Amino acid sequence: MRTSVLRSVAEAALRNRSSSSSSHLLRRCYSSESAPERKVAILGAAGGIGQPLALLMKLNPLVSKLSLYDIAGTPGVAADVSHINTRSEVAGFMGEDQLGQALEGSDIVIIPAGVPRKPGMTRDDLFNINAGIVKSLCTAIAKYCPNALVNMISNPVNSTVPIAAEVFKKAGTYDEKKLFGVTTLDVVRAKTFYAGKAKVPVSEVNVPVVGGHAGITILPLFSQATPKSNLADDEIAALTKRTQDGGTEVVEAKAGKGSATLSMAYAGAVFADACLKGLNGVPDVVECSFVQSNVTELTFFASKVRLGKNGVEEVLGLGPLSDYEKQGLESLKPELKASIEKGIKFASAN
Ligand SMILES: NC(=O)c1ccc[n+]([C@@H]2O[C@H](COP(=O)([O-])OP(=O)(O)OC[C@H]3O[C@@H](n4cnc5c(N)ncnc54)[C@H](O)[C@@H]3O)[C@@H](O)[C@H]2O)c1
Ligand SMILES: O=C(O)C[C@H](O)C(=O)O
């Protein structure tokens, strides 16, 4: 009761954000004690990404229930994480029989289930195994928590997101505002690499990354990076290439032991936190994500997205691009289009 009264007052305050009492009310309304109940499910929770992501979501005060699902290993992960003295109740679920229970009532489902790359592989080489995994998990989401926001991490994201969309369409539950390909790791990398090169504090850096999540489809917009810097064209080209090859850099360094897990868990936690804030009515929450889009002629595209109470509130445009970025945008379109079509074809045929 007290919480709902507080929230109405805070919402009224939101409409008049200049008032100093409004920020005080908002702080109270969205602090951990009064934050709404939110259930987050992680599918693939015992994996390389799943475990540290479970830890980070357990630390998030906006989560009240944390549901950890995998085909194996979840009881141990759940028991371990559950001992942390933070707000959320943790439950572990293992095997298909328990998938429904894991999903029921979820506000957000994060999916890092699937196989990772080894050196020499592209993300598309994962398609044959991961497409089927994503399809069956999304079929269950449509059944047990059709209104949840879905944060897709499993690769190839450029195809797994279209697969998820088709599964939801077939089930009659598709809402384009609720399906997200998680591209936050590209933004995390672009920020880190830019800060190092431009010698600016990394905590102040912002760089949009658009397109998709594989090789040249990853297009960081360093012309829009802040704080501004005077990097030369060849430095921008090198930063762009490093961002596009960031995943491969980690795959090679891990030498057969998988791909990015820790930085991905961080990125996944940042994106899920943004989704939770949007759901809770926090204003002006903007992150890049691969979503259904009209920004270009491609049906799915990553760009800045404003998050709100229903998921995507607004897909933001690209803003002004440098000639180098305009060229990058045109070059990425055929590959991204083919990956999207491959996903749609798979889901329609299976
Ligand atoms: N979007 C990104 O930026 C990004 C970044 C890094 C990795 N990834 C992708 O994330 C995926 C997972 O990577 P990882 O390093 O955690 O791999 P991992 O092999 O360590 O973990 C994957 C987990 O998924 C589980 N799993 C397999 N089939 C399942 C099913 N049907 N239901 C539930 N769980 C299932 C496995 O048991 C395992 O625990 C890979 O596809 C990888 O390419 C994406
Ligand atoms: O590179 C990979 O295969 C994993 C992930 O997509 C990444 O960008 O790190």
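For residue classes, Ala, Val, Leu, Ile, Met, Phe, Trp, Tyr, Cys and Pro count as nonpolar, Asp, Glu, Lys and Arg as charged, and the others, Gly among them, as polar. With that split, the shell around ligand 2 holds two nonpolar, four polar and three charged residues. The model is predicted. Its protein chain is divided into domain 1 (39-182) and domain 2 (184-339). Ligand 1 sits in the largest pocket, and ligand 2 sits in the largest pocket too.

**Domain layout**

- The C-alpha centres of domain 1 and domain 2 are 21 Å apart.
- To the contact between them, domain 1 gives 36 residues and domain 2 gives 41 residues.
- Both domains also serve ligand 2: its shell takes at least three residues from each of domain 1 (39-182) and domain 2 (184-339).

**Ligand 2: the shell**

- Arg117, Arg123, Asn155, Leu185, Arg189, His213, Gly247, Ser259 and Ala260 surround ligand 2.
- The charged members are Arg117, Arg123 and Arg189.
- The nonpolar members are Leu185 and Ala260.
- Asn155, His213, Gly247 and Ser259 make up the polar group.

**Ligand 2: polar contacts and burial**

- Arginine 117 places a polar side-chain atom 2.6 Å from an oxygen atom of ligand 2.
- For arginine 123, a polar side-chain atom is 2.8 Å from an oxygen atom of ligand 2.
- Histidine 213 has a side-chain N or O atom 2.6 Å from an oxygen atom of ligand 2.
- On its own, ligand 2 exposes 260 Å², and the protein buries 95% of that area.

**Ligand 1: surroundings**

- There are 28 residues around ligand 1.
- Of these, Gly48, Ile49, Asp70, Val115 and Asn155 come nearest.

**Ligand 1: polar contacts and burial**

- Aspartate 70 has a polar side-chain atom 2.6 Å from an oxygen atom of ligand 1.
- A polar backbone atom of glycine 47 lies 3.3 Å from an oxygen atom of ligand 1.
- From the side chain of histidine 213, an N or O atom is 3.1 Å from an oxygen atom of ligand 1.
- Ligand 1 taken alone exposes 860 Å², of which the protein buries 85%.

**Residues that serve both ligands**

- Histidine 213 makes a side-chain polar contact with ligand 2 at 2.6 Å and with ligand 1 at 3.1 Å.
- Asn155 belongs to the shell of ligand 2 and is among the residues that come nearest to ligand 1.

Definitions and conventions
Residues are numbered from 1 along each chain as its sequence is written. Chains are lettered from A and ligands numbered from 1 in the order in which they are written. This is a predicted model: local features need pLDDT of at least 70, side-chain atom pairs count only at pLDDT 80 or more; totals for chains, interfaces and linings use all residues. Side-chain values use heavy atoms; hydrogens and water are left out. A residue is near a molecule or strand if one of its heavy atoms lies within 4 Å of it. A polar contact is a pair of N or O atoms within 3.5 Å; within protein, one must be able to donate a hydrogen and the other to accept it, and residues adjacent in sequence count only if both atoms are side-chain atoms. Accessible areas come from the Shrake-Rupley method with a 1.4 Å probe; for residues, only the protein chains shown count as cover. On a 1 Å grid over the protein atoms alone, a cavity is a set of points where a 1.4 Å probe fits but cannot get out, and a pocket is an open set with protein on both sides within 12 Å along at least five of seven lines; lining residues have an atom within 4 Å of a point. A molecule sits in a cavity or pocket if more than half of its atoms lie within 2 Å of its grid points. Domain bounds come from an automatic or database domain assignment. Contact means heavy atoms within 4.5 Å.
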